[in-house]
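Biologist: Could you put the model up so that we can go through it together?
Modeller: Of course, here it is.
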Amino acid sequence: MAEQDIVDRLTDDHNGIRALFGQLDTTPADQRGDLFRHIVSELARHEAAEEAVVHSATRDDVPGGEQIANAVLEEENQAEQLMAEMEQMDSTSEDFLIRFRRLRDDVLAHAGHEEAEEFPLLREHLDADRRAQMAAGFERLKGMAPTHPHPRTPQDPKVRAAAGPIAGIFDRARDAVRKVFSSS
Ligand SMILES: [Fe+2]
Ligand SMILES: [Fe+2]
């Protein structure tokens, strides 16, 4: 099997996320919550693995990459905050839909920034072997990140008050990624 390139792998993931957001305008109000949770789960795994494998390489090994890495990380944080806010809302409401559209616009703009500003630099400054290793690492990390909110969270008022399931799923995706790094 031909080795994958991290840029192709990430672009495939972005296209999957674009396709999910593409369902928003035709999804009935009572099913928007399910679409939202599916997107949260996909994004949490994508961003956690991307932060560990990709933005870290951009920061450390691409000339001038620190500024780009900081900018895309800030966009990821803002999207995460918007998702945490949406989690508290009635998913059938008009306000939820307005925020869902904003989330779509923000996340797709973010993916566009990575594709236009970050990925070409990875191709320019990292060789094919490194990019194949990154693709394998990304795949492995994505497979290990949790896909659902922690089952204990809804029953534990203290945990719920501190951080809702959305904050939790992003944190756990990052924890899973860190554990893989510290054990390898
Ligand atoms: Fe990202
Ligand atoms: Fe991405």
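Modeller: We can take the metal site and then the salt bridges.
Modeller: This is a predicted model, in which local features need pLDDT of at least 70, side-chain atom pairs count only at pLDDT 80 or more, and totals for chains, interfaces and linings use all residues. Residues are numbered from 1 along each chain as its sequence is written, chains are lettered from A and ligands numbered from 1 in the order in which they are written, and side-chain values use heavy atoms, with hydrogens and water left out.
Biologist: OK, which protein donors does the iron ion (ligand 1) have?
Modeller: They are Glu-47 (OE), Glu-50 (OE), Glu-76 (OE), His-110 (NE2) and Glu-114 (OE), at 2.1 to 2.3 Å from the ion. Donors here are N, O and S atoms within 2.8 Å of the metal (3.2 Å for Na, K and Ca), and water is not among the atoms, so sites may look incomplete.
Biologist: And what spacing do the donors follow along the chain?
Modeller: For the iron ion (ligand 1), the pattern reads E-x2-E-x25-E-x33-H-x3-E. Glu-47 and Glu-50 sit 3 residues apart, about one turn, in helix 2 (residues 32-61), where a helix is a DSSP run of H or I with at least four residues, numbered from the N terminus.
Biologist: Which residue coordinates both iron ions, ligand 1 and ligand 2?
Modeller: Glu-50 does, and the two ions are 3.2 Å apart.
Biologist: Is Glu-50 buried or exposed?
Modeller: Glu-50 is buried, at 0% relative accessibility, and Glu-47 is buried too, at 7%. Buried means under 20% relative accessible area, exposed over 50%, and partly exposed in between (1.4 Å probe, protein chains only).
Biologist: What is the nearest side chain of opposite charge to Glu-50?
Modeller: That is Arg-9, 9.5 Å away, and Glu-50 has no salt bridge. A salt bridge needs a side-chain nitrogen of Lys or Arg within 4 Å of a carboxyl oxygen of Asp or Glu, and for charge, Lys and Arg count as positive and Asp and Glu as negative, while His and the chain ends are not counted.
Biologist: Switching topic, how many salt bridges does the structure hold?
Modeller: There are 14. One of them joins Asp-5 to Arg-123, with N to O at 3.3 Å. Asp-5 lies in the segment before helix 1 (6-22) and Arg-123 in helix 4 (residues 94-125), so this pair ties together parts 118 residues apart in sequence.
Biologist: Which residues are linked with those two in a network of salt bridges?
Modeller: Asp-8 and Arg-131 are linked with Asp-5 and Arg-123 in that network.

Methods: Helix = DSSP H or I, 4+ residues; strand = E, 2+ residues; numbered from the N terminus.
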